[in-house]
Amino acid sequence: MFSKMEIYTTFGLPASADSYLVINDEIQLRKLLSSGQLSDSFFILGGGSNVVFTKHFPGTIVHLDNKGIRLLGVDSTSGDYLVEAAAGEVWDDFVHYCISNGWYGLENLVAIPGTVGAAPVQNVGAYGKEAKDSIFRVRTFEISTGHERIFTNEECQFAYRNSVFKEPLKNRYIIWSVVFRLSSVFRPDLHYKALSEALYSAGIEQPSPQQMADAISKIRWGKLPRPEEMGSAGSFFKNPVVPVDHYLKLKASYPDMVAYPVPGGYKLAAGWLIEHAGWKGRAMGRCGVYEKQALVLVNLGGCSGDEVLALAEAVTADVRAQFGVSLEKEAIII
Ligand code: EPU
């Protein structure tokens with residue numbers, strides 16, 4: 001019999017599992033895979049920043065805590081660096097390490113909670129960049145056979161907050177490390193409006209890598225709760241895409257609605273929809289819609305899994321009733 005273990009996630013719900021394993025090195029991982037323990041129910045946990053455990057998990061939680069960052073080589077034609085980081089590295093520490101070494105490309109992704117191994121799964125993104133823009137390949141182990149498999153960027157099938165690891169290969173591979181292609185030349189990507197405005201108002205025209213990272217951290221923490229201060233899973237919902245005719249109808253009724261053209265229609269700002277459905281800053285029990293960013297559900301202290309689900313359903317129902325749009329959860333709900 002396994003003892004029930006508390007599971008750490010940034011949402012801070014009182015979650016538990018039958019068993020909890022911490023894996024630090026490849027020998028431990030290979031042993032685990034050959035033991036067959038993962039043939040039953042299991043969940044691979046990184047930093048716990050995008051997962052909400054709403055009930056006891058009847059299985060094994062595998063927490064990947066392998067460490068290491070190394071420069072694999074420099075491309076002789078482009079001068080790009082290939083840098084490998086272990087899945088268990090803390091994402092933000094890795095991004096800062098790259099900046100301090102002069103390996104550029106990840107600056108816009110500073111201050112995202114979670115681990116390196118989680119980044120490809122949902123293709124983390126912010127301020128105009130996504131992890132897929134810099135991921136070169138992903139090193140994995142197949143859970144059923146223990147065989148190593150390398151996924152190229154293309155094979156990862158990256159999309160908005162999605163990859164082959166979320167669907168259709170969910171629970172088939174363990175991501176062990178990620179190789180990034182990073183540039184020796186710093187090319188600041190300022191096309192995200194709030195970022196260019198923040199730098200402009202600080203009188204910065206040509207930001208240094210550190211100034212970029214600082215500006216992004218500031219914008220981010222102005223809108224999102226810090227995990228150590230208030231529990232959340234970052235964006236709880238994805239920004240939905242609707243067909244052009246649906247968008248045009250909505251736009252006629254709500255001229256100030258925020259939307260971006262994408263292939264196949266328009267991506268709507270779910271935060272805007274939730275706010276205009278009257279939910280920003282409101283709570284149900286001890287779970288609330290964050291007052292500064294309506295896309296984020298927060299733990300107001302001692303929140304239960306049922307309260308999270310009830311609030312998510314109420315918000316989704318109201319957005320559907322008012323705008324005819326179905327919100328999809330971004331966070332993984334267990
Ligand atoms: N908006 C509102 N009300 C709100 C929230 C947003 O009107 O309560 C409007 C804003 O005014 C803005 C637009 O919606 O015009 C977009 O807002 P924001 O720039 O804050 O970005 P987002 O679309 O709400 C996404 C990501 C975030 C990422 C930011 C910045 C998703 C699901 N979320 O949020 O990612 O940090 O862009 O790039 O795509 C995460 O995935 O956990 C996450 C935090």
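Arg161 counts as buried because its relative accessibility is 14%, under the 20% cut-off for that class. In this predicted model, Arg161 sits in the loop between strands E11 and E12. Its phi is near 50°, a positive value in a residue other than glycine. The loop between strand E11 (148-152) and strand E12 (173-182) also holds Pro168. Glu167 and Pro168 are joined by a cis peptide bond, with omega at about -5°.

Arg161 is also one of the residues touched by Glu330. Glu330 lies in the loop between helix H7 and strand E20 (332-333). With a relative accessible area of 6%, Glu330 is buried. Besides Arg161, and not counting residues up to four places away in sequence, Glu330 touches Asn50, Gln122, Lys166, Ser235, Phe236, Phe237 and Lys238.

**The loop between H2 and E8**

Two residues of this loop stand out in the analysis. Asn123 is placed in the loop between H2 and E8, and Asn123 has a positive phi of about 45° although it is not a glycine. Its relative accessibility is 0%, so Asn123 counts as buried.

Thr115 is found in the loop between H2 and E8 as well. At 9% relative accessibility, Thr115 also counts as buried. Its contacts, leaving aside neighbours within four places in sequence, are Gly46, Gly47, Ala87, Gly88, Glu89, Val90 and Trp91. The C-alpha atoms of Thr115 and Gly48 are separated by 8.6 Å, although the two residues are 67 residues apart along the chain.

**Accessibility of selected residues**

| Residue | Place | Relative accessible area | Class |
|---|---|---|---|
| Asn123 | loop between H2 and E8 | 0% | buried |
| Glu330 | loop between H7 and E20 | 6% | buried |
| Thr115 | loop between H2 and E8 | 9% | buried |
| Arg161 | loop between E11 and E12 | 14% | buried |
| His276 | helix H6 | 34% | partly exposed |

**Helices H4 and H7**

Helix H4 covers residues 209-223, 15 residues in total. From its first C-alpha to its last, H4 reaches 22 Å, close to the 21 Å expected at 1.5 Å a residue. The buried residues in H4 are Pro209, Met212, Ala213, Ala215, Ile216, Ser217, Ile219 and Arg220. They pack against helix H2 (91-101), strand E8 (125-126) and helix H3 (193-201). H2 and E8 are thus partners of H4, and the loop between H2 and E8 is the one that holds Asn123.

Helix H7 has 19 residues (305-323), which should span 27 Å at 1.5 Å a residue. The end C-alpha atoms of H7 are 27 Å apart, in agreement with that expectation. Within H7, Gly305, Glu307, Val308, Leu311, Ala312, Ala314, Val315, Thr316, Val319 and Phe323 are buried. Their cover includes three kinds of neighbour by position: strand E4 (51-52); helices H5 (244-253) and H6 (270-276); and strands E17 (283-284), E18 (287-289) and E19 (296-299). Just after H7, Gly324 takes a positive phi of about 70°.

His276 is found in helix H6, one of the elements that cover the buried residues of H7. His276 is partly exposed, with a relative accessible area of 34%. Leaving aside neighbours within four places in sequence, His276 is in contact with Asp256, Gln322 and Phe323; Phe323 is among the buried residues of H7. The C-alpha atoms of His276 and Ala294, 18 residues apart along the chain, are separated by 9.5 Å.

**The chain as a whole**

The chain has 7 helices and 20 strands. Its radius of gyration is 20 Å, which agrees with the value near 20 Å that a compact globule of 334 residues would have. Taken along the principal axes, the C-alpha atoms fill a box of roughly 60 × 55 × 35 Å. Of the 334 residues, 49% count as buried. Among contacts with a separation of 6 or more, 61% come from residues 24 or more positions apart.

The chain exposes about 15,600 Å², of which carbon and sulfur atoms supply 51%. There are 32 positive and 36 negative side chains, and the centres of the two sets lie 3 Å apart.

Conventions
Residues are numbered from 1 along each chain as its sequence is written. This is a predicted model: local features need pLDDT of at least 70, side-chain atom pairs count only at pLDDT 80 or more; totals for chains, interfaces and linings use all residues. Side-chain values use heavy atoms; hydrogens and water are left out. Helices (H or I, at least four residues) and strands (E, at least two) are DSSP runs, numbered from the N terminus. The expected span of a helix is 1.5 Å times one less than its number of residues. Buried means under 20% relative accessible area, exposed over 50%, partly exposed in between (1.4 Å probe, protein chains only). Contact means heavy atoms within 4.5 Å. The radius of gyration is taken over C-alpha atoms; the globule rule is 2.2 Å times the number of residues to the power 0.38. Accessible areas come from the Shrake-Rupley method with a 1.4 Å probe; for residues, only the protein chains shown count as cover. Lys and Arg count as positive and Asp and Glu as negative; His and the chain ends are not counted. The place of a charge is taken as NZ of Lys, CZ of Arg, CG of Asp or CD of Glu.
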